[in-house]
Amino acid sequence: MTARIAITGYASLDHVAMLDGTPRAGRTTTILDRPNHAWPRLGGSPAYVAAALVANGVPKASPVSWIGDDEQGEAYRAQLVAHGIPDTGLEIVAGARTPVAILAYEPDGGCVCLYHPGMPKGLGLSVAQMALLAAADWACVTIGPPAATEAVLGVIAPETKLAWVVKHDPRAMSPDLAARFAARADLICHSLAEADFLAHALEAGGPLRPGQIVIETHGRSGAAFRRNGRTDFVPTEPLAVSDPTGAGDTFAGGVLAALATGETDPVAVVQAGHRAARALLETRRHDN
């Protein structure tokens with residue numbers, strides 16, 4: 001049976017630009033390029049995770065997110081469907097504006113990110129979204145509205161597996177909530193920069209979930225994993241691109257796809273994440 005996966009988090013319709021320098025007040029910075037299909041482009045963690053799942057044999061991967069009743073919301077939904085991703089977890093918020101981001105890449109690889117949430121505070125899960133999570137085999141939590149994120153823990157069944165894609169943002173994930181997710185999660189994916197945040201959460205959360213897998217990404221060099229006292233590093237072949245947005249979430253989606261389709265070897269699971277991220281970045285090399 002195909003696994004059912006629900007992925008919570010913020011939506012985003014991204015606008016990508018390559019700059020000729022670092023933006024400064026009182027000075028015009030020239031946009032050198034706006035890549036094809038990236039103005040706007042489907043973005044946000046749930047969409048990237050879901051796209052990787054769908055591309056790797058898990059079609060029932062539903063983002064649980066929020067869009068406005070505006071043209072941008074229709075564009076977000078249309079791009080979601082075009083990628084073969086279910087839209088049943090989307091909640092349309094009347095009078096709200098669909099979240100958008102401007103991702104401006106500097107010549108040295110740095111990125112200026114401007115994000116407009118467009119949503120009212122205090123978003124929670126709708127009845128339909130709770131039903132999706134309650135029926136899911138896996139729930140995957142990315143950065144999203146705090147109330148909705150916390151509600152996931154009360155909605156999912158005891159047997160539902162939980163994946164946590166870590167983002168250190170105290171506005172979205174308090175230390176107490178992070179500790180609860182650290183204790184409940186079957187899979188945790190985080191970057192090296194988030195190692196200290198996660199270490200505190202794991203310590204505060206108490207005993208680890210049996211068989212819990214923790215994967216730490218190290219950018220272009222690869223990723224490390226821990227499971228049942230076993231640790232290892234799985235390298236990857238670096239790929240130079242000017243627009244790596246979404247690679248980490250796509251990696252997490254590839255990892256989750258491998259687990260959801262029955263892979264048990266942690267090395268193979270991490271390699272699946274590397275392949276998914278590389279497939280995304282390869283498209284960026286030709287999307288000009």
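1. Across which strands does helix 2 lie? In this predicted model, helix 2, which spans residues 71-82, lies across strand 5 (61-68) and strand 6, and it runs at about 165 degrees to strand 5.

2. Strands 5 and 6 belong to an open sheet of nine strands, whose order is 6-5-1-9-10-11-12-13-14 and whose pairing is mixed. Strand 6 (90-93) and strand 14 (230-235) stand at the edges with a single partner strand each, so one side of each is left without a neighbour in the sheet. On average, and with direction ignored, neighbouring strands of this sheet are turned by 15 degrees against each other.

3. For a reader new to the structure, strand 11 (187-191) is a useful place to continue. Four of its five residues are buried, so that the strand is mostly covered. Strand 11 pairs in the parallel sense with strand 10 over three bridges, and it pairs with strand 12, again in the parallel sense, over five bridges. Cys189 of strand 11 can serve as a marker for both pairings, since Val165 stands opposite Cys189, and Cys189 in turn stands opposite Ile215 in strand 12.

4. The connections between these strands pass through helices. Strand 10, helix 5 and strand 11 make a right-handed β-α-β unit, and strand 11, helix 6 and strand 12 make a right-handed β-α-β unit as well.

5. Helix 6, residues 195-205, has a buried side and an exposed one, and its buried residues include Phe197, Leu198, Ala201 and Leu202. These four cover an arc of only 130 degrees around the axis, which puts them on the same side of helix 6. The spacing fits a general rule: an α-helix has 3.6 residues a turn, so residues three or four places apart point the same way. On the other side of helix 6, Asp196, His200, Glu203 and Ala204 are exposed.

6. The cover over the buried residues of helix 6 includes strand 10 (161-165), helix 5 (175-184) and strand 11, together with strand 12 (213-217) and strand 13 (222-227). After helix 6 comes Gly206, whose phi is positive, near 90 degrees.

7. Helix 5 also packs against helix 4 (residues 146-155), at an angle of about 35 degrees and with the two axes 11 Å apart. Helix 4 passes helix 5 in a left-handed crossing. Pro146, Thr149, Glu150 and Leu153 of helix 4 make the contact with Leu177, Arg180, Phe181 and Arg184 of helix 5.

Technical notes
Residues numbered from 1 in each chain as written. Predicted model: local features only at pLDDT ≥ 70, side-chain atom pairs only at ≥ 80, totals over all residues. Heavy atoms only, no water. Buried < 20%, exposed > 50% of the residue type's maximum accessible area, 1.4 Å probe, protein only. Helix = DSSP H or I, 4+ residues; strand = E, 2+ residues; numbered from the N terminus. Arc of directions from axis to C-beta. Contact = heavy atoms within 4.5 Å. Pairing = 2+ DSSP bridges. Right-handed = clockwise from strand over helix to strand, strands pointing away. Axes fitted to C-alpha atoms, helices over the stretch in contact; angles between N-to-C directions. Left-handed = near helix turned anticlockwise from the far one by under 90°.
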